[in-house]
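Take the structure below and follow it from the interior to the surface.

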Amino acid sequence: MAYAVIKTGGKQYRVQQGDKIDVEKLDVEVDATLTFDVLMVGEGGSIKLGAPLVDGASVTAKVVQQHRGPKGVAFKFKRRKGFHKTKGFRRHLTQLEIVSIAG
């Protein structure tokens, strides 16, 4: 099964066809199709590395949904001072389904 490494939102993701991944929010509509540049492509024992991108390789993905991630908690305190502060957050995410890997 072929796999690829793509970069989006300042992070790199290893993907295969059929994978569903959550990435930082992309400003696109649901059911839209996106194409990503590829940093690395591998299949079996052969690997193609890009410098920085692999020529002629691309990953096609479909936007499944725009959603918010699980709740996270930022807790700050200073010892012996009686100071503590709790702040919650939920990241905005885009769920992608990998349709095909070319290259």
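Is Thr-94 buried or exposed? The model is a predicted one. In it, Thr-94 has a relative accessible area of 0%, and because the cut-off for buried is under 20%, Thr-94 counts as buried. This residue is found in strand β9, which covers residues 92-102.

The surroundings of Thr-94 can be listed. Apart from neighbours within four places in sequence, Thr-94 is in contact with Ile-21, Asp-22, Val-23, Glu-24, Lys-25 and Leu-26, and also with Val-63, Gln-65 and Gln-66. With Leu-26 there is a polar pair: a polar atom of the Thr-94 side chain lies 2.9 Å from the backbone nitrogen of Leu-26.

Next comes the nonpolar interior. The largest nonpolar core has 18 residues, and those with the most contacts inside it are Val-15, Ile-21, Phe-36, Val-38, Val-59 and Leu-96. Two or more residues come from each of β1 (3-8), β2 (11-16), β3 (20-24), β4 (33-43), β6 (58-68) and β9. Strand β4 gives the most, with 4 residues. In soluble globular proteins, nonpolar side chains tend to be buried together.

Val-59 shows what one of these core residues touches. Leaving out neighbours within four places in sequence, its contacts include Val-15, Phe-36 and Val-38, as well as Ala-4, Ile-6, Ile-98 and Ile-101.

Which nonpolar residues form a patch on the surface? Val-73, Phe-75 and Phe-77 do, with about 350 Å² of accessible area together. Phe-77 lies in strand β7, residues 72-78. Its relative accessible area is 55%; because exposed means over 50%, Phe-77 is classed as exposed.

Notes:
Residues numbered from 1 in each chain as written. Predicted model: local features only at pLDDT ≥ 70, side-chain atom pairs only at ≥ 80, totals over all residues. Heavy atoms only, no water. Patch = residues over 30% accessible without salt bridge, like charges linked within 9 Å, V, L, I, M, F, W, Y side chains within 5 Å. Areas by Shrake-Rupley, 256 points an atom, 1.4 Å probe, with all protein chains shown as cover. Salt bridge = Lys/Arg side-chain N within 4 Å of Asp/Glu carboxyl O. Buried < 20%, exposed > 50% of the residue type's maximum accessible area, 1.4 Å probe, protein only. Polar contact = N/O pair within 3.5 Å; in protein donor to acceptor, adjacent residues only side chain to side chain. Contact = heavy atoms within 4.5 Å. Core = buried A, V, L, I, M, F, W, Y, C linked by side-chain atoms within 4.5 Å.
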